[in-house]
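Student: Hi! Could you walk me through this model?
Tutor: Happy to. Here it is.

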Amino acid sequence: MNDHSEVEKILHNIKKDSRVQEMKNYIQHGSVSTYEHCQRVADLSYKINKHLHLKADKESLLKGAMLHDFYLYDWHHKDNGEHDWHGYIHADIASKNAKEYLHADKKVQEIIKSHMWPLNLTKVPKSKEAWIVCVADKCISLKETLGERKKKSPGKEK
Ligand SMILES: [Fe+2]
Ligand SMILES: [Fe+2]
């Protein structure tokens, strides 16, 4: 089985869920949807685990990665005051949604809850899988944010 098929197989049921599909309606960074962002974090988490031979539990790793931003709102809309706190609260909301809608187990919930460390200083990743998702999210977020800046200032780029 190639890497793509393995990721797809593990995430098949999750991705079929209509609320997970709803993440396609929300923008994460620039023009990237939250769904696409989560998919990228899942793919990178898989690669990190494979290439660094970390022997993580792939099911928990990929589910945690795909659901790490499963908070289901547009954080760019400031009309709702609570979104000012998005950075601090969305991991807990995503974890709650994952538990409620997709019966995510404790391990997956913990991966989701700690993905914003060190912003959420007390939520230190506790498992190998949580560390991988936390790092993969930082890499993908940086890439998406810088990619968007590049698009906005084409004159400055070669
Ligand atoms: Fe996040
Ligand atoms: Fe993220």
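Student: Let's start with helix 4 and helix 6: at what angle do the axes cross?
Tutor: They cross at roughly 45°, and the axes come within 9 Å. Helices here are DSSP runs of H or I of at least four residues, strands are E runs of at least two, and both are numbered from the N terminus. Axes are lines fitted to C-alpha atoms, for helices over the stretch in contact, with angles from 0 to 180 degrees between N-to-C directions.

Student: And what does that make helix 4 relative to helix 6?
Tutor: Oblique. Angles under 35 degrees count as roughly parallel, over 145 as roughly antiparallel, 65 to 115 as roughly perpendicular, and the rest as oblique. The crossing of helix 4 and helix 6 is right-handed, meaning the near helix is turned clockwise from the far one by less than a right angle, whereas anticlockwise would be left-handed.

Student: Which residues meet there?
Tutor: From helix 4, Ser 60, Lys 63, Gly 64 and Leu 67 meet Lys 107, Val 108, Ile 111 and Ile 112 of helix 6. Contact requires C-beta atoms, placed from the backbone, within 7 Å. The residues of this contact divide into 4 nonpolar, 2 polar and 2 charged. For those classes, Ala, Val, Leu, Ile, Met, Phe, Trp, Tyr, Cys and Pro count as nonpolar, Asp, Glu, Lys and Arg as charged, and the others, Gly among them, as polar.

Student: Before we go on, what sort of model is this?
Tutor: It is a predicted model: local features need pLDDT of at least 70, side-chain atom pairs count only at pLDDT 80 or more, and totals for chains, interfaces and linings use all residues. Residues are numbered from 1 along each chain as its sequence is written, while chains are lettered from A and ligands numbered from 1 in the order in which they are written.

Student: OK, how many helices and strands does the protein have?
Tutor: There are 7 helices and 2 strands, and from the N terminus the order is α-α-β-β-α-α-α-α-α.

Student: What about helix 1 and helix 3?
Tutor: Helix 1 (residues 3-16) and helix 3 have axes that come within 11 Å and cross at roughly 120°. That makes helix 1 oblique to helix 3. Asp 3, Val 7 and Leu 11 of helix 1 make the contact with Ala 42, Asp 43 and Tyr 46 of helix 3. By class, the residues of that contact are 4 nonpolar, no polar and 2 charged.

Student: New topic: is Asp 137 buried or exposed?
Tutor: Asp 137 counts as buried because it has 22 C-beta neighbours inside 10 Å. The cut-offs are 20 or more other C-beta atoms within 10 Å for buried, 12 or fewer for exposed, and partly exposed in between, with C-beta atoms placed from the backbone. Asp 137 lies in helix 7.

Student: What does Asp 137 touch?
Tutor: Leaving out residues up to four places away in sequence, Asp 137 touches Val 41, His 68 and His 115.

Student: Where should I look for backbone oddities?
Tutor: Most residues other than glycine have a negative phi, and most peptide bonds are trans. His 53, though, has a positive phi near 50° and sits in the loop between helix 3 (34-51) and helix 4 (58-67). Leu 72 also has a positive phi, about 60°, and is placed in the loop between helix 4 and helix 5 (86-102).

Student: Which residues does the cis peptide bond join?
Tutor: Trp 117 and Pro 118, with omega about 10°.

Key: Contact = placed C-beta atoms within 7 Å.
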